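Trainee: Could we go through this structure together, one question at a time?
Mentor: Gladly, let's take a look.

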Amino acid sequence: MNHWLSLFLGDNYKFPAVVMHEIGHNLNLAHSGGMDGLEYTDHTCLMGNPWFADDIGRMCFNPAKNFQIAVGTGSWYERRHIAMFNSGTTGGTSWSGRLIGYADYADNNPRNYPVVLKLESGGGPDWFIGFNRAIGINSHTAAAADRVTVVRVNGGGGTAYSTSSLKGSIGKGRSLTVENWRNSGVALVIKVNDIQTKNQPGYADVVVTFGRQSQSRPAPTRRPTRRPTRRPTRMPTRRPTTRRPTHSPSKMPTTEPTPSPSNKPTRKPTQNGNKSTLMPTARLSDFPAEPKNDVVNFYSGSTRGSSWSGEIISFSHYGSNPTNFPVITMLFKGNASTWFVGFNNTNVTITKVNYGQYYLVSTLTEGQSKTIRNWRKSGLDLVVTVNEINSRAAPVYAALEVLTLPTLMPTSLGNSADLPSP
C-alpha cells in the first residue's frame with residue numbers, strides 16, 4: 001500500500017473493479033466496511049466489495065476515500081469540490097446545500113457543487129457525506145444507488161490510512177441522527193430534502209442541523225399597553241336577526257313519507273330523492289379486502305446485479321396503509337424453497353419455507369444485513385440490508401435493499417493488505 005507495486009493472485013488482474021481496488025491501496029486507501037461492522041461490506045465503494053467480473057466494475061470510492069484523494073498529497077480532485085462544516089459544540093448551527101455525484105464533478109458542474117461534505121469533529125472520528133449518483137463511471141454501484149451516503153473514519157483527519165465504515169444511506173425526505181455529536185450531549189441531524197436525477201447534473205439537497213436553530217422573535221414592547229378598551233363593548237347584535245320565529249318547521253330530510261308500509265320486501269333498495277343506492281352484491285365479497293401490492297415478488301434469477309429496494313410494513317398496519325407499502329417480500333429460490341422478508345414493527349425477519357416447513361433464518365435491526373451464500377446455486381451471494389426503520393412514521397416501515405453480489409473472496413485480492421496473516 002502507498003506504493004507503486006500491486007500484486008494479483010491468479011487471473012484477478014482481468015477484473016476492472018479488482019484492479020481499481022488495488023490502485024486504491026497504491027493511493028494509501030484502506031478498506032471500506034459496511035453497517036454490519038465487517039471489513040469488506042460497504043458495497044457503495046470499490047474498497048469494500050469489488051465486482052469479480054471482466055464486464056462490470058464502473059464504481060467509485062465512497063465520500064471518505066474521495067476526500068482523502070482530494071486533500072491528500074497528489075490529490076485528484078480540486079479542493080473547491082470539497083465542502084466543510086464545523087458545527088462547533090454548543091448547537092444552533094447548520095449547513096445546507098447541494099451535493100452531486102462523482103461522475104458529474106468535472107464536466108457537468110457549472111455551479112461547482114461539491115461532491116463531498118466533511119463534518120468537522122474536533123479531533124474525534126471523521127464523518128463524510130456524499131451523493132451516490134448511479135451514472136457514468138459509477139453506474140455499477142452495488143448498493144444505495146441515487147441515495148445520500150454517510151461514512152465515518154476513526155481518526156486521521158480523513159487523510160490517513162484508516163478503514164471507513166458506512167453508517168447509513170438516506171433517501172428523499174429521510175434523515176439520519178448522530179446522537180451526542182462531539183460529546184456535546186446534542187444530536188446532529190442529516191436530512192435529505194430532495195433528490196433529483198432527471199436534472200443535469202443530478203443532485204441531492206442536504207441540510208445538516210446541530211441542535212435547535214434560533215428563531216427570530218418580535219421585540220417586546222417598551223411598556224405595558226393601555227387597558228384593552230375604555231369601556232365595555234356593546235352587545236354583539238342590537239336586536240335579533242329575525243323579528244319572530246319561523247312560521248313552520250323546516251322540511252324533513254325526505255321529500256315526503258311513503259303512503260303506507262309495503263306488503264312484502266322490495267327487491268331493490270328504496271329510493272332516496274332522485275337517486276337509488278347500488279344493488280346488493282350477488283355474493284359476499286372476499287374478506288379482508290387486499291390493498292394493492294401487498295406482496296412483492298423478487299425473482300433474482302441466477303445472474304449477478306439483480307436488486308430490489310423499497311419499504312415494507314407489518315401486518316398490524318394492513319388495513320391502514322394509504323401509501324400501499326407491501327407487507328411481505330418473497331424471494332424465490334427454486335422449486336424446493338421460498339424465502340420471505342417481513343417486518344414486525346421492531347425487526348425485519350427472514351423466514352425460509354422448505355416443503356411446508358417454516359424456519360426463522362434471521363432477525364435484523366436498522367443498519368444490519370444478512371448474506372445468504374451461493375443463492376440458487378449460482379455462485380452469488382444474496383444480501384438483505386435494512387437501511388432504515390422509521391418508528392415515527394404512520395405507518396411504521398422498514399426500508400430494505402435486496403441484491404445479488406459475487407461471493408466475497410477477500411483472500412483473492414492481490415495487495416498484501418488483503419492477504420491473510422501467516
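**Helix, sheet and core**

Trainee: At the start of helix 2, which backbone nitrogen does a side-chain oxygen of N62 reach?
Mentor: First, this is a predicted model, where local features need pLDDT of at least 70 and side-chain atom pairs count only at pLDDT 80 or more, while totals for chains, interfaces and linings use all residues. Residues are numbered from 1 along each chain as its sequence is written, and side-chain values use heavy atoms, leaving out hydrogens and water. Helices (H or I, at least four residues) and strands (E, at least two) are DSSP runs, numbered from the N terminus. At the start of helix 2, the side-chain oxygen of N62 comes to within 3.1 Å of the backbone nitrogen of A64.

Trainee: How many residues of helix 2 are buried?
Mentor: Buried means under 20% relative accessible area, with a 1.4 Å probe and protein chains only. P63, F67 and I69 are among the buried residues of helix 2. The helix spans residues 63-71 and is mostly covered, the buried count being eight of its nine residues.

Trainee: Why is strand 6 largely enclosed by the rest of the structure?
Mentor: Strand 6 has six bridges to strand 5 and six to strand 7, running antiparallel to strand 5 and to strand 7. Strand 6 is largely enclosed because the buried residues in it number five of the six.

Trainee: What is the bridge partner of R152 in strand 7?
Mentor: Strands pair if DSSP finds at least two bridges between them. R152 lies in strand 6, where it is the bridge partner of W127. In strand 7, the partner of R152 is S165.

Trainee: Which strands stand at the edges of the open sheet?
Mentor: Four strands form this sheet in the order 3-10-9-8, with antiparallel pairing. Each edge strand has a single partner, so one side of it is left without a neighbour in the sheet. The edges are strand 3 (93-100) and strand 8 (175-178).

Trainee: Which residues have the most contacts inside the largest nonpolar core?
Mentor: A nonpolar core is a set of buried Ala, Val, Leu, Ile, Met, Phe, Trp, Tyr and Cys residues joined through side-chain atoms within 4.5 Å. The largest one has 23 residues, and strand 9 and strand 10 are among the strands that each supply at least two of them. Those with the most contacts inside this core are L117, L119, I129, I190 and V208.

Key
Buried means under 20% relative accessible area, exposed over 50%, partly exposed in between (1.4 Å probe, protein chains only). A polar contact is a pair of N or O atoms within 3.5 Å; within protein, one must be able to donate a hydrogen and the other to accept it, and residues adjacent in sequence count only if both atoms are side-chain atoms.
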